[in-house]
Amino acid sequence: MSTLNGKVAVITGGNSGIGYATAKKLKAEGATVIITGRSTEKVDSAAAELGVKGIIADVLDLSAIDAAVNLVKDEFGKIDILFVNAGVFIPMPVGQNSEDGFDTLLDINFKGAVFTIEKFLPILNDGGSIINLSSINAYTGMPNTAIYGATKAALNSYTRAAATELAPRKIRVNALNPGPIATPIFSKTGMTEEQLKGMGDMMQNRIPLKRYGQPEEIAEVAAFLASDKASFITGAEYNVDGGLNINPIFAA
Ligand SMILES: NC(=O)c1ccc[n+]([C@@H]2O[C@H](COP(=O)([O-])OP(=O)(O)OC[C@H]3O[C@@H](n4cnc5c(N)ncnc54)[C@H](OP(=O)(O)O)[C@@H]3O)[C@@H](O)[C@H]2O)c1
């Protein structure tokens, strides 16, 4: 199957986890893929493994996003797919939310996402697809995620208004809300192995399908939303969470 033949896709945070799996999937579907990320070493090695173009652009630095847009424009002209995926998870309890943690979460997960879109828009073809990587934490009251969840709720809100405003250009804007997915994001928090295992066991228990998702399972939905198969879908959110948001009360 080659649902994305001839399309050019940019994936932020493409050197790891969901972004990496999606780069692989979009390439397999025929797209020309460009990944971005903040670490030269990680981006270069992932780009080489995937056989795609890698660009260093920390979304905390808006001038770096400008530079990435110019590089893409010079080499590829216009793009068709923008997967706004770069993000971080910083767990903080209410009462101990630090200003640093707050700023980092907002600046990467919301401001970085918004300005990625704003800056790539001039080179996004009419009829293109923007997919924002949000989280079911936009809707849950999970402990330690008050600020993280707020960044994702803000992104979903931006998604809806952007879908309306970009409809005249036939650009579709959608959001993906994953549940817990097995990626390095959790080990980057500084939590110990024991804490990670405790959190993992607790979350897995509450998921009706009783497991974490795999990044490839998010990539499948991203590839669908990127393709013309999703031609009548805009302003939508897809929960890809093993049923977590059902809130089943009793386990089956
Ligand atoms: N895994 C989950 O359970 C889960 C659930 C819901 C939503 N999400 C969301 O899914 C997205 C991808 O996360 P993941 O789980 O795949 O985690 P991941 O493996 O840590 O990947 C995150 C990617 O974003 C990059 N990134 C972080 N800060 C950046 C910055 N300032 N500038 C540019 N790139 C930056 C990371 O670079 P480095 O490798 O250099 O850190 C990495 O490439 C995030 O938006 C996350 O919030 C994840």
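Is the crossing of α3 and α4 right-handed or left-handed? I will start there and then go through the sheet and the ligand shell. Keep in mind that this is a predicted model.

The crossing of α3 and α4 is right-handed. Helix α3 covers residues 62-76, and α4 covers 99-120. Two packed helices are described by the angle between their axes and the distance between the axes. Here the angle is about 35°, and the axes of α3 and α4 are 10 Å apart. On the α3 side, the residues in the contact are Leu62, Ile65, Asp66 and Val69. On the α4 side they are Phe115, Thr116, Lys119 and Phe120. By class, the residues of this contact are five nonpolar, one polar and two charged.

Helix α3 also lies across four strands, namely β1 (8-11), β2, β3 and β4 (79-84). Its direction is at about 160° to that of β2.

Now the sheet. There are seven strands in an open sheet with parallel pairing, and the order is β3-β2-β1-β4-β5-β6-β7. Why do β3 and β7 each have one side without a neighbour in the sheet? They stand at the edges, each with a single partner strand, so one side of each is left free of a neighbour there. For β7, that is residues 237-240. On average, neighbouring strands of the sheet are turned by 20° against each other, direction ignored.

At the β3 edge, we can look at the pairing itself. Strand β2, residues 32-37, pairs with strand β3, residues 53-56, in the parallel sense over four bridges. Ile34 has Lys53 in β3 as its bridge partner, and Ile35 stands opposite Gly54 of β3. Helix α2, residues 40-50, belongs to the connection: β2, α2 and β3 make a right-handed β-α-β unit.

Last, the ligand. How many residues are around it? There are 30, and those that come nearest are Gly13, Gly17, Gly87, Thr183 and Ile185. The shell divides into 13 nonpolar, 13 polar and four charged residues. Helices α1 (17-28) and α4 each supply at least two residues of the shell. The most comes from α1, with three residues. So α4 appears twice in this talk: in the contact with α3, and in the shell around the ligand.

Methods
Residues are numbered from 1 along each chain as its sequence is written. This is a predicted model: local features need pLDDT of at least 70, side-chain atom pairs count only at pLDDT 80 or more; totals for chains, interfaces and linings use all residues. A residue is near a molecule or strand if its C-beta atom, placed from the backbone, lies within 6 Å of it. Ala, Val, Leu, Ile, Met, Phe, Trp, Tyr, Cys and Pro count as nonpolar, Asp, Glu, Lys and Arg as charged, and the others, Gly among them, as polar. Two strands pair if DSSP finds at least two bridges between them. A crossover is right-handed if, with the strands pointing away from the viewer, the path from the first strand over the helix to the second runs clockwise. Axes are lines fitted to C-alpha atoms, for helices over the stretch in contact, and angles run from 0 to 180 degrees between N-to-C directions. A crossing is left-handed if the near helix is turned anticlockwise from the far one by less than a right angle, and right-handed if clockwise. Two residues are in contact if their C-beta atoms, placed from the backbone, lie within 7 Å.
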